[in-house]
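Visitor: I would like a walk through this model, with a reason behind each label. Could you guide me?

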Amino acid sequence: MNCRKAINEISNYLDGDLDAELRETIQVHLDKCHHCHAVFDTTRKTIELYCDGKLFELPTDVRLRLHEALRRKLCSTPR
Ligand SMILES: [Zn+2]
């Protein structure tokens with residue numbers, strides 16, 4: 001598990017779309033990698049913010065654009 005892969009799977013992770021083994025792998029990475037954990041936290045909070053108190057879920061295309069923006073931001077950040 002590297003950071004790029006972890007970031008790519010964060011949306012699936014939040015959606016609960018991953019099998020148990022992959023979830024575990026990502027969880028372990030998030031626990032030890034502050035960088036990915038920050039991205040994970042931001043993504044989760046943003047989604048919760050959209051959904052909180054609303055009668056609708058964040059539309060898939062909006063969520064995908066959000067994740068795409070986060071990925072671009074990550075890729076352009078020197079490590
Ligand atoms: Zn990482």
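**Labels and the values behind them**

Guide: Asparagine 8 is partly exposed, with a relative accessible area of 34%. Keep in mind as we go that this is a predicted model.

Visitor: What makes "partly exposed" the right label for asparagine 8?

Guide: Its value is 34%, and the label covers what lies between the 20% limit for buried and the 50% limit for exposed. Asparagine 8 is therefore partly exposed. This residue lies in helix 1. Its C-alpha atom is separated by 9.9 Å from that of leucine 70, a residue 62 positions away along the chain.

Visitor: What is the overall layout of the chain, read along the sequence?

Guide: The pattern is α-α-α-α, with 4 helices and 0 strands. Of the 79 residues in the chain, 30% are buried.

Visitor: Let's turn to the metal. Which atoms coordinate the zinc ion?

Guide: The donors are Cys3 (SG), His29 (NE2), Cys33 (SG) and Cys36 (SG), at 2.0 to 2.3 Å. A donor must lie within 2.8 Å of this metal, so distances of 2.0 to 2.3 Å meet the cut-off. Along the chain, the donors follow the spacing C-x25-H-x3-C-x2-C.

Visitor: Why is the site of the zinc ion called tetrahedral?

Guide: The angles among the 4 donor atoms run from 100 to 114°. Four donors earn the label if all angles lie between 85 and 135 degrees, so this site is tetrahedral. For reference, the ideal angle for four tetrahedral donors is 109.5 degrees.

Visitor: How do you know whether the zinc-binding residues are buried or exposed?

Guide: Compare each value with the 20% limit, since buried means under 20% relative accessible area.
- Cysteine 3 has 14% and counts as buried.
- Histidine 29 has 5% and is buried.
- Cysteine 33, at 10%, is buried.
- Cysteine 36, at 0%, is buried as well.

Visitor: How many disulfides does the structure hold?

Guide: The count is 0. A disulfide is a covalent bond between the sulfur atoms of two cysteines. To be counted, a pair of cysteine sulfur atoms has to be within 2.5 Å, so a count of 0 says that no pair passed that test.

Visitor: Which residues make up the largest nonpolar core?

Guide: There are 12 residues in all: Cys3, Ala6, Ile7, Ile10, Tyr13, Leu18, Ile26, Leu30, Cys33, Cys36, Val39 and Phe40. Helix 1 (3-15), helix 2 (20-32) and helix 3 are the elements giving two or more residues to this core. Helix 1 supplies the largest share, 5 residues. As background, nonpolar side chains tend to be buried together in soluble globular proteins.

Visitor: What makes tyrosine 13 and phenylalanine 40 an edge-to-face pair?

Guide: The structure holds 1 aromatic pair. Tyrosine 13 and phenylalanine 40 form it, at 5.5 Å centre to centre with 75° between the planes. The centres must lie within 6.5 Å, and planes over 60 degrees apart count as edge-to-face, so this pair fits on both counts. Tyrosine 13 lies in helix 1 and phenylalanine 40 in helix 3, so the pair ties together parts that are 27 residues apart in sequence. Both residues are buried.

Visitor: How do you know that aspartate 41 forms a salt bridge with arginine 44?

Guide: Their closest N and O atoms are 2.8 Å apart. The cut-off is 4 Å, so the pair qualifies. The two residues are 3 apart in helix 3 (residues 34-51), about one helical turn. Aspartate 41 is buried at 19%, while arginine 44 is partly exposed at 29%.

Visitor: Which of the structure's salt bridges involves lysine 45?

Guide: Aspartate 41 forms a salt bridge with lysine 45, the closest N and O atoms being 2.9 Å apart. Both residues lie in helix 3, 4 residues apart, about one turn of the helix. Shared partners join Asp41, Arg44 and Lys45 into one salt-bridge network. Lysine 45 is partly exposed, at 47%. The structure holds 2 salt bridges.

Key. Residues numbered from 1 in each chain as written. Predicted model: local features only at pLDDT ≥ 70, side-chain atom pairs only at ≥ 80, totals over all residues. Heavy atoms only, no water. Salt bridge = Lys/Arg side-chain N within 4 Å of Asp/Glu carboxyl O. Buried < 20%, exposed > 50% of the residue type's maximum accessible area, 1.4 Å probe, protein only. Donors = N, O, S within 2.8 Å, 3.2 Å for Na, K, Ca; no water. Tetrahedral: all angles 85-135°; square planar, octahedral: opposite > 155°, others 65-115°. Core = buried A, V, L, I, M, F, W, Y, C linked by side-chain atoms within 4.5 Å. Phe/Tyr/Trp six-rings, centres within 6.5 Å; stacked < 30°, edge-to-face > 60°.
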